[in-house]
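Here's a walk through one protein chain, from a single residue out to the whole fold and back to a few odd spots in the loops. Keep the model open and follow along.

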Amino acid sequence: MSQLDPSKIKDDPMAFIKMSKKGKTIMMFASIAGNPSKKTTDTISLRWQSSLHNAHLEVQRYIVADDRILFLLKDGSMAWDVKDFLVTQPECKVVEFENQKFPGVGASPADSIKRKSEL
């Protein structure tokens, strides 16, 4: 495992976080907006997984509820890139990992108000 080099990250705290997750498995959850069936969630998450694969971001996906997907990343340093992609998808309501929630484009205004009240 590579050592953290502070000289490379002193001006970029996000680089430190990414380096600290390199090579570690991370679980990330995503929720689909609306009230999708399990089949719809499977179809949407397969499309997301394919798009991520095409961008050289390897994830395994597991449907854990009708509207919820677990993405397993073998290299945690890629988690922020995966999150950045997912939250831009029109069907994405929220992405969760590392005890943080990131609202997606598909989040309703009520979801945004609820998120602000949680802060």
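Leaving aside its neighbours within four places in sequence, which residues is Ser45 in contact with? The list is Arg61, Ile63, Ile69 and Phe71. Bear in mind that this is a predicted model.

**Ser45 and its helix**

Ser45 sits in helix H3, and with a relative accessibility of 0% it counts as buried. Its side chain isn't left without a polar partner: there is a polar contact with the side chain of Arg61, at 3.0 Å.

Helix H3 covers residues 38-54, which is 17 residues. At 1.5 Å a residue it should span 24 Å, and the end C-alpha atoms are indeed 24 Å apart, so the two agree. Ser45 has company among the buried residues of H3: Thr41, Ile44, Trp48 and Leu52 are on that list too. Look down the axis of H3 and these buried residues fall within an arc of 95 degrees, so they line one face of the helix. On the other side of H3 you'll find Lys39 and Asn54, both exposed.

What covers that buried face? Strand S1 (26-32), strand S2 (60-65), S3, helix H4 and strand S4 (92-97) are included in the cover over the buried residues of H3. The helix lies across S1, S2, S3 and S4, and runs at about 160 degrees to S2.

**The sheet under the helix**

So how are the strands ordered in the sheet? It's an open sheet of 5 strands in the order S2-S3-S1-S4-S5, with antiparallel pairing. S2 and S5 stand at the edges with a single partner strand each, so one side of each is left without a neighbour in the sheet. On average, neighbouring strands of this sheet are turned by 25 degrees against each other, direction ignored.

Strand S3 takes part in two pairings that are worth a closer look. With S2, S3 runs antiparallel and is joined by 5 bridges; Arg68 in S3 is the bridge partner of Ala65. A hairpin makes the link between S2 and S3, through 2 residues. S1 and S3 are antiparallel as well, joined by 6 bridges, and here Leu72 in S3 is the bridge partner of Met27.

**Just past S3: Lys74**

Move on from S3 (68-73) and you come to Lys74, in the loop between that strand and helix H4 (79-86). Buried or exposed, where does Lys74 fall? Its relative accessibility is 54%, and the cut-off for exposed is over 50%, so Lys74 counts as exposed. Even so, Lys74 has contacts: not counting residues up to four places away in sequence, it touches Gly23, Lys24, Thr25 and Gln60. Lys22 makes a nice pair to look at with Lys74, since the two are 52 residues apart in sequence yet 8.9 Å apart in space, C-alpha to C-alpha.

**Positive phi angles**

Now for some backbone angles. Most residues other than glycine have a negative phi. Here are three residues with a positive one:

| Residue | Phi | Where |
|---|---|---|
| His56 | near 65 degrees | after H3 |
| Glu98 | about 55 degrees | loop between S4 and S5 |
| Asn99 | near 60 degrees | loop between S4 and S5 |

Glu98 is in the loop that leads from S4 to strand S5 (100-103), and Asn99 lies in the loop between S4 and S5 too. Their accessibilities are worth setting side by side. Glu98 is partly exposed, with a relative accessible area of 34%, whereas Asn99 counts as exposed at 86%.

**Stepping back**

How many helices and strands does the secondary structure of the protein chain come to? There are 5 helices and 5 strands. Read from the N terminus, the elements run α-α-β-α-β-β-α-β-β-α. The protein chain has 119 residues, and buried ones make up 33% of them. Take the contacts with a separation of 6 or more, and 54% of those in the protein chain are between residues 24 or more positions apart. The pair of Ser45 and Arg61, where we came in, has its side-chain contact at 3.0 Å.

Note on methods
Residues are numbered from 1 along each chain as its sequence is written. This is a predicted model: local features need pLDDT of at least 70, side-chain atom pairs count only at pLDDT 80 or more; totals for chains, interfaces and linings use all residues. Side-chain values use heavy atoms; hydrogens and water are left out. Helices (H or I, at least four residues) and strands (E, at least two) are DSSP runs, numbered from the N terminus. Buried means under 20% relative accessible area, exposed over 50%, partly exposed in between (1.4 Å probe, protein chains only). Contact means heavy atoms within 4.5 Å. The expected span of a helix is 1.5 Å times one less than its number of residues. The arc is that of the directions from the helix axis to the C-beta atoms. Two strands pair if DSSP finds at least two bridges between them. Axes are lines fitted to C-alpha atoms, for helices over the stretch in contact, and angles run from 0 to 180 degrees between N-to-C directions. A polar contact is a pair of N or O atoms within 3.5 Å; within protein, one must be able to donate a hydrogen and the other to accept it, and residues adjacent in sequence count only if both atoms are side-chain atoms.
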